[in-house]
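Here is a quick walk through one protein model, written for someone who likes to check backbone geometry. Have the viewer open and follow along.

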Amino acid sequence: MPPIALRRIAAGLAVAVLVAFAAALISRDAHPLQAQAPETSIGIDADTTGNSATTLGAIDDCVQIGTGDKHTVDVYVQNVTDLMAWEAVLVYEPKVLEIVDEDVKLFMASDQGSNVQSASTDLPDDDGHYQMGAFDAADPLSPNSGSGVLVRLTVRGVGPGVSPIQMPLTDLSNDGKPDQGPLLRDKDVKSIGDVNGDTLFDGPIADARIAVDASCADELGPAGQSGDEQSNEDDGGVGALTIIVVVAGFAGSIAAGGLASVLVWRRRR
Ligand SMILES: [Ca+2]
Ligand SMILES: [Ca+2]
Ligand SMILES: [Ca+2]
């Protein structure tokens, strides 16, 4: 190969490396490039047996209780690093279930010097959407790593049927992008598990169900209704939307600050 051709190839390679390097620098501030292993996941354990603040037993996706019964479920995190704050909206069927109590002083309060405060809305909650969250206000900082229980919720059966307990990503403004969903922040106020730069959690989220005077094998929704509309709404509505939204991805990112910034962002639009 003539030297002039070699020089052109070398020059081309140098430009490509420079472009890649610049792109990496630009995107580094938007979201971390390195994949963290093992992956952080969150979910709901319908039976708290064997769970403690920092250990998880078997993860159960459904339990059966009776109308009027109180029952505890755990919202858990696995393989998290330096967690300082989190929030999520819990979606459930209000004709079947209500939320009556919470305890956020578990995983995040498991180290000495923690000062964990709830950021959840008032209880009892009976409208099917429970905004929950907590942050550790400790000084010096008291981040937590590993796996454990973010919040232990006490639910009560209010009527027969099967209620989902989910933490979906939801597009409230109908612009094809989620603006509400699980959000975890680390000690540097960076979003944990956010791949597309919108601050919301993109990792695995395990849902659960509570069957009230019903079987876990029954369809989602209040008993006595066909269940088709309800389950279509839950599976097709939120599920398909979430997939579309995740596939579509995000060009921009919402500024840091959790729910407050999301609300400000939405008002501006
Ligand atoms: Ca369990
Ligand atoms: Ca802590
Ligand atoms: Ca995200």
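## Backbone oddities and how the strands fit together

With 11 C-beta neighbours inside 10 Å, V189 falls in the exposed class. That residue sits in the loop between β9 and β10 (205-206), and its phi is positive, about 60°, even though V189 is not a glycine. Keep in mind that this is a predicted model.

V189 has company. N79 is also a non-glycine residue, with a positive phi of about 60°. N79, though, is found in strand β3. Is N79 buried, exposed or partly exposed? Because N79 has 15 other C-beta atoms within 10 Å, it counts as partly exposed; the buried label would take 20 or more.

The peptide bonds offer something to look at too. The bond from L123 to P124 is cis, with omega near 0°, and P124 has its place in the loop between β5 (116-118) and β6. Another cis bond joins D139 and P140, where omega is about 5°. P140 lies in the loop between β6 and β7.

Now zoom out. The protein chain has three helices and twelve strands. Of its 269 residues, 33% are buried. Take the contacts in the chain with a separation of 6 or more: 74% of them come from residues 24 or more positions apart.

So much for the totals; next comes the strand pairing. Here are three of the pairs, each with a bridge partner to click on.

| Strand pair | Sense | Bridges | Residues opposite each other |
|---|---|---|---|
| β3 (residues 70-91) and β7 (residues 144-157) | antiparallel | ten | Y76 and V149 |
| β4 (residues 97-103) and β7 | antiparallel | six | D103 and R152 |
| β2 and β11 (residues 208-212) | parallel | four | V63 and I210 |

Strand β7 turns up in two of those rows: it pairs with β3 over ten bridges and with β4 over six. The β2 and β11 pair belongs to an open sheet of four strands, in the order β2-β11-β8-β12, with mixed pairing. Its edge strands are β2 (62-65) and β12 (221-222), each of which pairs on one side only.

What about the inside? The largest nonpolar core has 47 residues, and those with the most contacts inside it are L83, W86, L150, V151 and I210. Which strands supply at least two residues of this core each? They are β1 (41-45), β3, β4, β6 (129-136), β7, β8 (161-165), β9 (183-186) and β11. The biggest share is from β3, which gives eleven residues.

I210 ties two parts of this picture together: it stands opposite V63 in the strand pairing, and it is also among the core residues with the most contacts inside the core.

L83 is a handy one to select as well. Leaving aside its neighbours within four places in sequence, which residues is L83 in contact with? The list runs V77, M108, P143, N144, L184, D186 and I192.

Back to β3 for a last look. This strand pairs with β7 in the antiparallel sense, gives the most residues to the largest core, and holds N79 with its positive phi.

Terms used. Residues numbered from 1 in each chain as written. Chains lettered and ligands numbered in written order. Predicted model: local features only at pLDDT ≥ 70, side-chain atom pairs only at ≥ 80, totals over all residues. Pairing = 2+ DSSP bridges. Buried ≥ 20, exposed ≤ 12 C-beta atoms within 10 Å, placed from the backbone. Contact = placed C-beta atoms within 7 Å. Core = buried A, V, L, I, M, F, W, Y, C linked by C-beta atoms within 7 Å.
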